[in-house]
Amino acid sequence: MQKVVLAYLGGVLLTQGTVAGAQDLAGDVEAGRKKAGMCRTCHGIDGVGRIPIAPHIGGESAAYLARQLAAFRDGTRTHEMMSVVAKGLDDQAIADLAAWYSAQQASASLPSGKTENMAPGACVACHGADGLATIDDAPNLAGENAIYIDTQLKAFRSGKRKHEIMSEIAAGLSDAEIRAVADWYAGTKLEVVPVK
């Protein structure tokens, strides 16, 4: 069985909340595969979102996924469905799910006629030109539904979601600029190769 070690910064605010009591917890990929059955309707067993409001999570960093699940569980990030689902997850379940979805291999490519220097400048350092995150604190945006990206950026702008970097960036974006970012990343092609 594959194991993925999740290194947490306990008590430090990261992305949307803290990861309480999950210091250096090892996630089990096979156990995560079994637990992912409850995620498949929205995120798919391979982490490719099945509905417009569900992001692609296959190939995300384990640390990012664990932080988001813990934030939903703890109530520092809210969503009508995810808050309910995450309430029932203990630290080990979170680590296992994060291990499973991070084990999927994600790749992305720009559409024909687009180049990296055309990517949204404020986004590239963390989310990459192709939408694959370059840091653990950022999600992949490749191939996401434009409505999902638009909604999340507006949530950061309004203060509904908070993040030390994203809140500041989104605060300065107009609706048209948000839509341009959403369209850019929605236009990239995501490929997720499932773990066998």
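Visitor: In which hand does helix α3 pass helix α5?
Guide: Good place to start! In this predicted model, α3 covers residues 62-74 and α5 covers residues 91-103. Where α3 passes α5, the crossing is right-handed.

Visitor: Which residues of α5 make that contact?
Guide: On the α3 side, look for Ala62, Leu65, Ala66, Leu69, Ala70 and Arg73. By class, the contact of α3 with α5 has nine nonpolar, one polar and two charged residues. The partners in α5 are Asp91, Ile94, Leu97, Ala98, Tyr101 and Ser102.

Visitor: What word describes how α3 and α5 lie to each other?
Guide: Start with the geometry: their axes are 8 Å apart and the packing angle is about 140 degrees. Angles over 145 degrees would count as roughly antiparallel, and 65 to 115 as roughly perpendicular. The two helices α3 and α5 are therefore oblique.

Visitor: How far apart are the end C-alpha atoms of α3?
Guide: We can work out what to expect, because each residue adds 1.5 Å and α3 has 13 residues. That gives an expected span of 18 Å. The model agrees, with the end C-alpha atoms separated by 18 Å.

Visitor: How many residues of α3 are buried?
Guide: A residue is buried when its relative accessible area is under 20%. Among those that pass in α3 are Tyr64, Arg67, Gln68 and Phe72. The helix is largely enclosed by the rest of the structure, because the buried count out of its 13 residues is twelve.

Visitor: Is Gln152 in α7 buried or exposed?
Guide: Find Gln152 in helix α7, residues 146-158. Leaving aside neighbours within four places in sequence, Gln152 touches Arg77 and Arg161. Its relative accessibility is 16%, so Gln152 counts as buried.

Visitor: And is Thr41 buried or exposed?
Guide: Thr41 sits in helix α2, residues 40-43. Its C-alpha atom is 8.4 Å from that of Ile51, which is ten residues away along the chain. The cut-off for exposed is over 50%. With 62% relative accessibility, Thr41 therefore counts as exposed.

Visitor: How many charged residues are in the contact of α7 with α9?
Guide: Helix α9 spans residues 175-187, and α7 packs with α9 at about 140 degrees. Residues of α7 in this contact include Asp150, Lys154 and Arg157, while those of α9 include Asp175, Arg179 and Asp183. Sorted by class, the contact has eight nonpolar residues, no polar ones, and a charged count of six.

Technical notes: Residues are numbered from 1 along each chain as its sequence is written. This is a predicted model: local features need pLDDT of at least 70, side-chain atom pairs count only at pLDDT 80 or more; totals for chains, interfaces and linings use all residues. Side-chain values use heavy atoms; hydrogens and water are left out. Axes are lines fitted to C-alpha atoms, for helices over the stretch in contact, and angles run from 0 to 180 degrees between N-to-C directions. Helices (H or I, at least four residues) and strands (E, at least two) are DSSP runs, numbered from the N terminus. Angles under 35 degrees count as roughly parallel, over 145 as roughly antiparallel, 65 to 115 as roughly perpendicular and the rest as oblique. A crossing is left-handed if the near helix is turned anticlockwise from the far one by less than a right angle, and right-handed if clockwise. Contact means heavy atoms within 4.5 Å. Ala, Val, Leu, Ile, Met, Phe, Trp, Tyr, Cys and Pro count as nonpolar, Asp, Glu, Lys and Arg as charged, and the others, Gly among them, as polar. Buried means under 20% relative accessible area, exposed over 50%, partly exposed in between (1.4 Å probe, protein chains only). The expected span of a helix is 1.5 Å times one less than its number of residues.
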